[in-house]
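These are my notebook entries on a few residues that I looked up. For each, I recorded its place and its surroundings.

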Amino acid sequence: MLHLPFPVRDAQAGGGARDLGDLPEWDLTDLYGAEDAPELARDLDWLEQECAAFAADYEGKLAALSAEEFLTCVQRNEKISAIAGRIMSYAGLRYYQQTTDGGRAKFMSDCQEKITDYTTPLVFFTLELNRLEDDHLAGLLEQNRDLARYAPVFRRIRAMKDHQLSDELEKFLHDLGVVGDAWERLFDETIAGLQFEVDGEEMGIEATLNLLTEQDRAKREAASRELARVFQENIRIFSRVHNTQAKEKEVIDRWRKMPSAQAGRHLSNDVEPEVVEALRNAVVAAYPRLSHRYYALKAKWLGLDRMQVWDRNAPLPMEETKIVGWEEARAIVQEAYAGFDPRMSELSEPFFTDGWIDAGVKPGKAPGAFAHPTVTDVHPYVMLNYLGKPRDVMTLAHELGHGVHQRLAADQGEMLSSTPLTLAETASVFGEMLTFRKMLEKAETKEARKILLAGKVEDMINTVVRQIAFYDFECKLHDARRGGELTPEDINALWMSVQAESLGPVFDFMEGYETFWAYIPHFVHSPFYVYAYAFGDGLVNALYAAYEAEPEGFQEKYFDMLKAGGSKHHKELLAPFGLDASDPAFWDKGLSMIEGMIDELEAMED
């Protein structure tokens with residue numbers, strides 16, 4: 001089953017008609033010219049024939065192949081992935097531009113179904129690979145250096161060895177995957193089609209979420225209450241999607257004998273459960289020192305005894321409502337990238353000039369933002385919903401970081417370029433950090449520095465604290481679903497059980513906030529994805545501290561890490577920097593950077 005790897009951020013970007021300059025749109029012709037392009041028809045025909053030929057040539061025969069024959073087999077499999085990935089990237093990107101367009105939805109669904117049908121005969125490949133004896137596979141790798149390059153891929157595939165089902169059942173699950181995808185599309189189309197009315201103006205979800213960062217507190221409250229009203233009206237659809245997805249996952253996990261609902265994600269992320277647990281525990285233990293302390297400080301700045309949910313992302317009282325035009329945003333990010341290394345700016349340039357970014361908010365467009373790598377012989381595409389808030393500039397820096405990473409890793413080839421989610425957020429969060437540091441360097445007054453520091457602390461809390469609270473919510477949701485169907489009220493209660501703990505005692509929660517789990521796309525598209533953000537932030541904070549401590553030669557080591565893509569484990573990638581994510585103290589290094597910024601903000605009060 002080929003899934004679209006579109007990480008959609010929980011970004012509160014958003015709308016309103018403003019003159020932001022000439023916002024770029026995607027030019028997808030580097031993939032295909034149109035739905036009916038002869039090249040697309042040709043690739044679909046090739047895919048159907050090559051999948052059948054591949055199965056005929058290799059099914060039941062992997063154990064008998066020589067090292068050279070095995071390499072040919074792997075390379076043919078890789079080309080199949082590249083062609084299928086190209087087709088689904090094109091179909092998916094067009095769909096996300098306008099999820100409410102029935103023609104685009106049908107085209108993506110039809111492509112998905114064809115590719116699923118064509119690739120069903122290939123299911124044997126990973127199953128037979130996992131049945132090879134360790135010594136036999138090791139011997140093949142020793143005999144052929146080109147084949148040995150794929151050792152990390154084989155290691156990750158074979159990590160699923162103990163959870164493999166019969167060949168027949170694996171093919172059945174592969175075919176059934178399109179049904180699960182239909183629930184994801186129902187979620188996407190429902191979210192994109194929601195309409196909200198605030199102060200007489202009708203708008204979509206992006207524009208409404210954006211109002212939560214307005215200076216006017218009454219406007220923020222109105223937007224929050226309207227979000228709650230519309231989520232409540234649609235809560236049964238969202239509840240049905242979550243119940244179905246969680247139940248499907250429980251059934252598959254049970255058959256695969258997964259020890260926990262999270263185990264499959266840890267395996268696909270190539271990260272040990274104890275490393276994730278150490279991260280989660282370090283962040284939860286730090287809640288009082290981070291979010292609780294910061295929000296108490298923010299309440300004081302806002303002149304409030306109690307904070308409401310619509311105050312969480314409010315601008316500071318002394319902060320002017322600044323709209324950053326597109327060209328200014330581009331200049332800020334590219335200057336920050338170039339200041340670290342000119343190659344960073346050069347790698348980001350074609351995103352702006354060659355139609356690799358779709359930036360504007362449009363009716364039916366998917367909310368949030370992502371960078372999609374497509375395939376290694378094309379290039380990534382970035383989606384934004386850009387409306388000029390300073391946070392939108394950081395989102396641009398974030399997604400361009402992904403794009404640079406994906407371009408650098410492309411030389412690894414289709415099977416080795418893809419980075420596990422835990423490391424996939426490294427370059428994006430590092431890109432944000434570079435942009436923040438450049439802006440901080442230019443701050444001319446104490447007040448300007450305070451606004452920037454507070455904004456960065458909030459972003460880090462949203463990336464670390466909020467995402468770990470999301471992770472805890474998902475753990476509770478999947479655990480509870482194993483006991484039976486969950487009502488919307490059950491899910492609401494699970495959501496609220498993590499909110500007060502993570503945000504702190506200064507918060508009150510309006511009636512209706514209990515439904516705000518409904519719009520988070522990760523819970524539906526990629527269960528347990530969310531801890532990757534906290535992993536990435538902690539890792540980048542530790543990396544940036546290493547950069548400040550020893551800048552000499554850091555850039556080369558950093559570029560080597562990005563170029564490695566998915567060819568190395570996190571231990572190998574971090575070793576040149578003297579870092580080890582399996583050390584429980586590692587996460588405290590990253591968290592202490594956030595703590596240090598809060599210390600500086602508190603000192604400004606004196």
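I began with aspartate 199, which I found in the loop between strand E1 (196-198) and strand E2 (201-203). The model I consulted is predicted. I noted that aspartate 199 has a positive phi of about 50°, although it is not a glycine. Is aspartate 199 buried or exposed? Its relative accessible area is 59%, so I entered aspartate 199 as exposed, the cut-off being over 50%.

I turned next to phenylalanine 528, located in the loop between helix H23 (522-525) and helix H24 (531-549). Phenylalanine 528 is not a glycine, yet I read a positive phi of about 70° for it. Its relative accessibility is 0%, and therefore I entered phenylalanine 528 as buried, a term that applies under 20%.

My last entry concerns lysine 365, placed in the loop between strand E3 (357-358) and strand E4 (370-372). I recorded lysine 365 as buried because its relative accessibility is 5%.

Which side chain is joined to that of lysine 365 by a polar contact? I found that of aspartate 358, at 2.9 Å. I also followed the side chain of lysine 365 to the backbone oxygen of leucine 384, which it reaches at 2.6 Å.

I then listed what lysine 365 touches, leaving out residues up to four places away in sequence. Among them are Tyr96, Gln97, Gln98 and Ala192. The list also includes Asp358, Ala359 and Gly360, as well as Met383, Leu384 and Asn385.

Notes: Residues numbered from 1 in each chain as written. Predicted model: local features only at pLDDT ≥ 70, side-chain atom pairs only at ≥ 80, totals over all residues. Heavy atoms only, no water. Helix = DSSP H or I, 4+ residues; strand = E, 2+ residues; numbered from the N terminus. Buried < 20%, exposed > 50% of the residue type's maximum accessible area, 1.4 Å probe, protein only. Polar contact = N/O pair within 3.5 Å; in protein donor to acceptor, adjacent residues only side chain to side chain. Contact = heavy atoms within 4.5 Å.
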